[in-house]
Amino acid sequence: MGGSQSRPGPAQLEARRLKAIGMVGQGVTQAEVARQLSVSREAVRQWVHAFRGGGPTALASRPRSKRGRVPLTEVAQAIERGRVEVKSLTTPHVRGLIERAHGVAYSMSSVRAILRRLGYAYSREEGWRCADRSPEHRDASLARGLAG
């Protein structure tokens, strides 16, 4: 497996789960299995529960997929199209705009970070406004791909 910093792959994780089930099947307590395999007792309990409900396939590794980021230029365009809907931009509104336009649900903190990168500033009175940028400057930034 390598050094202490390496992470086990899906096959190694699945083998560890199956080993735990085998140990429990031989009468070893879940707590002892957890100690020997350096996992939590809760993990062993969940594996046993899954195995009883679905057999070995319930312990198989599942692929983890994550939607990619939406390019900032496309986010900026979605915000500009959505500005006509509301008087002032709020973080939840911008989050909804991005989700409707691109099918990606960013967290509120990520939306705020995106808005700041796009040159927006927030005030309680006005919501998110493009700070110190003329429309021409913003358009030029978008044309450059928001470099910098």
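Q: Buried means under 20% relative accessible area, exposed over 50%, and partly exposed in between (1.4 Å probe, protein chains only); which class does Glu42 count as?
A: This is a predicted model, where local features need pLDDT of at least 70, side-chain atom pairs count only at pLDDT 80 or more, and totals for chains, interfaces and linings use all residues. Residues are numbered from 1 along each chain as its sequence is written, and side-chain values use heavy atoms, with hydrogens and water left out. Glu42 has 38% relative accessibility, so the class is partly exposed.

Q: What pattern does the protein chain follow, read along the sequence?
A: Helices (H or I, at least four residues) and strands (E, at least two) are DSSP runs, numbered from the N terminus. The chain has seven helices and two strands. Reading along it gives α-α-α-α-α-α-β-β-α.

Q: How many salt bridges does the count come to?
A: To qualify, a side-chain nitrogen of Lys or Arg has to sit within 4 Å of a carboxyl oxygen of Asp or Glu. Glu32 and Arg35 make it at 3.1 Å, N to O, and Arg129 and Glu126 make it at 3.7 Å. Arg45 pairs with Glu42 at 2.7 Å. The count comes to three.

Q: Arg45 and Glu42 meet in a salt bridge, but how far apart are they along helix 3?
A: Helix 3 covers residues 41-54, and both partners belong to it. Arg45, with a relative accessible area of 39%, is partly exposed. Along the helix the pair is separated by about one turn, because they are three residues apart.

Q: Is Arg35, the partner of Glu32, buried or exposed?
A: The two share helix 2 (residues 30-37) and are three residues apart. Glu32 has a relative accessible area of 28%, so that end of the bridge is partly exposed. Arg35 comes in at 57%, which means exposed.

Q: At what angle do helix 1 and helix 2 pack?
A: Axes here are lines fitted to C-alpha atoms, for helices over the stretch in contact, with angles running from 0 to 180 degrees between N-to-C directions. Helix 1 spans residues 10-25, and its axis is 10 Å from that of helix 2. The angle is about 145 degrees.

Q: Which residues of helix 2 make the contact with helix 1?
A: Contact means heavy atoms within 4.5 Å. Helix 1 brings Arg16, Lys19, Ala20, Met23 and Val24. From helix 2 come Gln30, Val33, Gln36 and Leu37.

Q: Which helix gives the most to the largest nonpolar core?
A: A nonpolar core is a set of buried Ala, Val, Leu, Ile, Met, Phe, Trp, Tyr and Cys residues joined through side-chain atoms within 4.5 Å. The largest has 18 residues, with Ile79, Leu118 and Tyr120 having the most contacts inside it. Helix 4 (72-82), helix 5 (91-102), helix 6 (108-117) and strand 2 (127-130) each supply at least two residues. Four come from the top contributor, helix 4.

Q: How many residues are in the other core, the one with Trp47?
A: This core lies apart from the 18-residue one. Met23, Val33 and Leu37 are among its members, and these three also take part in the contact between helix 1 and helix 2. Its size is 13 residues.

Q: What share of the protein chain do buried residues make up?
A: The chain has 148 residues. Buried ones come to 30%.
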